[in-house]
Amino acid sequence: MSYSNEHAELYDTVFLSRGKSWEKEAELLGQMIKSRNPAAASLLDVACGTGAHLEHFVKAFAHVEGVEPAEAMREEAEARLSGPSVHAGDMRTFDLGRTFDAVTCLGFAVGYMTSQDELDTAISRMAAHLSRDGVLIVEPWWSPERFIEGYVGGHMVHEPNRVISRITHSTRQGNATKMTIHFVVAEASGIREFSEVEVVTLFTDDEYTAAFERAGLDAERLPGPANHPGYLVGRRR
């Protein structure tokens, strides 16, 4: 997924207005990591987006970094963060030349992998950046049995001098979700609109588990809040 500058600029605003709390999520994930590796002091967030989680991970970890393939999202992250480094990189190929006590990959970004081979490669790259006793946490996309054909969603944000509408429509495309996202933005200068399409693979639990195992990690599936696919947690065997 290559986010446009328009989409990246609106991303946080829309999700904040829907009740998303990166601070609470970062706190929960930090607890999950520290309960498995109490000495964890460094964290890498893969596909870190706008850096919203990194902004809060710094409260629990002495050293944090991010990797993000989309230039527009990296620009948002760099504008937000004064300390953590955000590297350009693809989760299938990145190599930072060091390890971390924890690695996270959130926001169903791992679902952009198009096949089991790509999923295996991405999980292996993340595992390669784990230090001894390191913890990997991945937030997956929905599994095939939980996909809803024709699912539609909509949300509107009201701000002083700006209204943002975001609507989505999802269909099944082979073993993937094809989600069309359409924005309408009304501002003092006028009304603009644009659409983007995300294709996200519907990997099964067994496929995720196999990817973790091939990377030398034990896989544990943890439930998330309501209407959330949960988390996959891995530790070196």
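C105 is buried, at a relative accessible area of 0%, where buried means under 20% relative accessible area, exposed means over 50% and partly exposed lies in between, with a 1.4 Å probe and protein chains only. The model is a predicted one, in which local features need pLDDT of at least 70 and side-chain atom pairs count only at pLDDT 80 or more, while totals for chains, interfaces and linings use all residues. Residues are numbered from 1 along each chain as its sequence is written, and side-chain values use heavy atoms, with hydrogens and water left out.

**Cysteines**

A disulfide is a covalent bond between the sulfur atoms of two cysteines. Here a disulfide is taken as a pair of cysteine sulfur atoms within 2.5 Å, and by this rule the count is 0 disulfides. C105 is in no disulfide, and its nearest cysteine sulfur, that of C48, is 10 Å away. C48, which is likewise in no disulfide, is buried with a relative accessible area of 7%.

**The whole protein**

The protein has 6 helices and 11 strands, where helices (H or I, at least four residues) and strands (E, at least two) are DSSP runs numbered from the N terminus. For 237 residues a compact globule would have a radius of gyration near 18 Å, and the value of 18 Å for this protein agrees with that; the radius is taken over C-alpha atoms, and the globule rule is 2.2 Å times the number of residues to the power 0.38. Along its principal axes, the C-alpha trace spans about 55 × 40 × 30 Å.

Buried residues make up 49% of the 237 residues. Among contacts (heavy atoms within 4.5 Å) with a separation of 6 or more, 60% are accounted for by residues 24 or more positions apart. The protein exposes about 11100 Å², of which carbon and sulfur atoms supply 49%; these areas come from the Shrake-Rupley method with a 1.4 Å probe, and for residues only the protein chains shown count as cover.

**Selected residues**

The table lists the place and the accessibility of some residues.

| Residue | Place | Relative accessible area |
|---|---|---|
| A40 | loop between α2 (22-36) and β1 (42-46) | 4%, buried |
| Q173 | strand β7 (residues 162-173) | 40%, partly exposed |
| E196 | strand β9 (residues 190-201) | 11%, buried |

A40 touches I33, K34, F61 and D101, when residues up to four places away in sequence are not counted. The C-alpha atoms of A40 and A62 are separated by 9.0 Å, although the two residues stand 22 residues apart along the chain.

Q173 touches K178 and V199, again not counting residues up to four places away in sequence. Between Q173 and V199 there are 8.3 Å in space, C-alpha to C-alpha, and the two are 26 residues apart in sequence. For E196 and N161, which are 35 residues apart along the chain, the C-alpha atoms are separated by 24 Å.

**Helix α6**

Helix α6 (residues 205-214) has Y208, A210, A211 and F212 as its buried residues. The cover over these buried residues includes α5 (116-128) and β5 (130-138), together with β10 (217-222) and β11 (231-236). Just after α6, G216 takes a positive phi of about 80°.
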